[in-house]
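Have your viewer ready and your selection tool at hand. We will go from place to place, choosing something to select at each stop.

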There are 2 protein chains.
Amino acid sequence: MADTLDPAQMRAYFALMEAVSLLQYAVRRQLQADGDLSYVQFEILAKLADADRPLTMTDLADGVVYSRSGLTHQAGLLENAGLITRQTSPHDQRATVVAITEAGRARVGAVLPGHVEVVRDLLFDSLSDRDVRTLGDMMSRARDHMRARPPRSAAPRSRHAPP
Amino acid sequence: MADTLDPAQMRAYFALMEAVSLLQYAVRRQLQADGDLSYVQFEILAKLADADRPLTMTDLADGVVYSRSGLTHQAGLLENAGLITRQTSPHDQRATVVAITEAGRARVGAVLPGHVEVVRDLLFDSLSDRDVRTLGDMMSRARDHMRARPPRSAAPRSRHAPP
DNA sequence: TATTGTTATACTCTATAACTATA
DNA sequence: TATAGTTATAGAGTATAACAATA
């Protein structure tokens, strides 16, 4: 178990991190400029629009990296902006049901063209169709692998649950 | 110039963003836990260690996404921690020369094994050698493309910044 | 005038922990 | 007891703009 990456791995790792950082930077600027949305807020709205039915906070948390309180905070901002609504679920009084409003859909619609344009211009412009399929395959695999493997990486101290 | 992405592109885009977000999250936690470093701080130290000679702030800014003031701030933190030194350049009185200290090298050394382990476990575990080469090629190309093509939002990130 | 870098400031994001309430 | 979610708080990161100094 060597504690280094081989040159090809180093190259791939740093290129990946740098390319995605640049992409994230551009995407964040576009979302902010065109729709006054952070990327997380866009993710929440896009998820609700895509699901096409109300989701609980827990549903939303799945697929988002952030903490629960962070999600609550962002949802609060979106609610104040009139882009989503939150209500206590009738079926489980503990749960909160989140729905996208018409204004929320409109906001997504307003932001999407510019978003797509940025992604196409910055990322896909330099990739062939074959590259795109390959990239999709690899990243889907990697994502599933990471999701299946909770990052105990950060806590080498205890394999046991926190206090 | 349709204002949508085709399904394969959508899949690749979202998988990429999600996978890298998960990776970034894990990497940040590891750097914080093992070395009390943010990712940017690690990048700065790694760059200095790799260059093996002092660099100016501008040198450091190249290849980093952040703003100048952000870089100054992070450099200040690293200097306070005794991991780098900053001095006015003898050749150009405007420039600041940044050098890594022994403590800085030690910190990188302390953090690197865990860092590499996280990246290998999370990312490369699910990729073949061939995948790694392909990924490196694609991301290097994409990175160069993005660097050559600043976002449409007219980002004055370079040194030639109009008002 | 252009470039290098810092400061001052303000704002956003995120995490931790404590808390309420339902199940 | 465990789960869903919120609140309170506190810290870190980042950007913008104004600034000083040098080229």
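Start by selecting helix H1 (7-35), helix H2 (39-51) and H5 of chain A, then add helix H1 (7-35) of chain B: each of these helices supplies at least two residues to the lining of the largest pocket. Keep in mind that you are looking at a predicted model.

Next, colour H1(B) on its own. With nine residues, H1(B) gives the most to that lining.

Now zoom towards the middle of the pocket. Which residues lie nearest its centre? Pick A:Tyr39, A:Phe42, A:Glu43, B:Phe14 and B:Met17; the full lining has 38 residues. Colour the lining by class and you will find 23 nonpolar, eight polar and seven charged residues. The space in this largest pocket comes to about 1000 Å³.

From A:Phe42, step across to A:Val111, one of its contacts. A:Val111 sits in helix H5 (residues 102-122) of chain A. Is this residue buried or exposed? A:Val111 is buried, as its relative accessible area is 0%. Show its other contacts from beyond four places in sequence, among them A:Gln30, A:Leu31, A:Asp34 and A:Leu37. Then try a distance: the C-alpha atoms of A:Val111 and A:Asp36 are 9.2 Å apart, although 75 residues separate the two in sequence.

Finally, zoom out to both chains. Chain B superposes on chain A by a rotation of 180° with 0.0 Å of shift along the axis, at an RMSD of 0.1 Å. The two copies are therefore related as by a two-fold rotation axis. Both use the same surface, with 95% of the contact residues of chain B recurring in chain A.

Notes. Residues numbered from 1 in each chain as written. Chains lettered and ligands numbered in written order. Predicted model: local features only at pLDDT ≥ 70, side-chain atom pairs only at ≥ 80, totals over all residues. Heavy atoms only, no water. Least-squares fit on C-alpha atoms with pLDDT ≥ 70 in both. Contact = heavy atoms within 4.5 Å. Helix = DSSP H or I, 4+ residues; strand = E, 2+ residues; numbered from the N terminus. Buried < 20%, exposed > 50% of the residue type's maximum accessible area, 1.4 Å probe, protein only. 1 Å grid on protein atoms, 1.4 Å probe; cavity = no way out; pocket = protein on both sides within 12 Å on 5 of 7 lines; lining within 4 Å. Points joined across faces, edges and corners; volume = space filled by probe spheres on them. Nonpolar A, V, L, I, M, F, W, Y, C, P; charged D, E, K, R; others polar.
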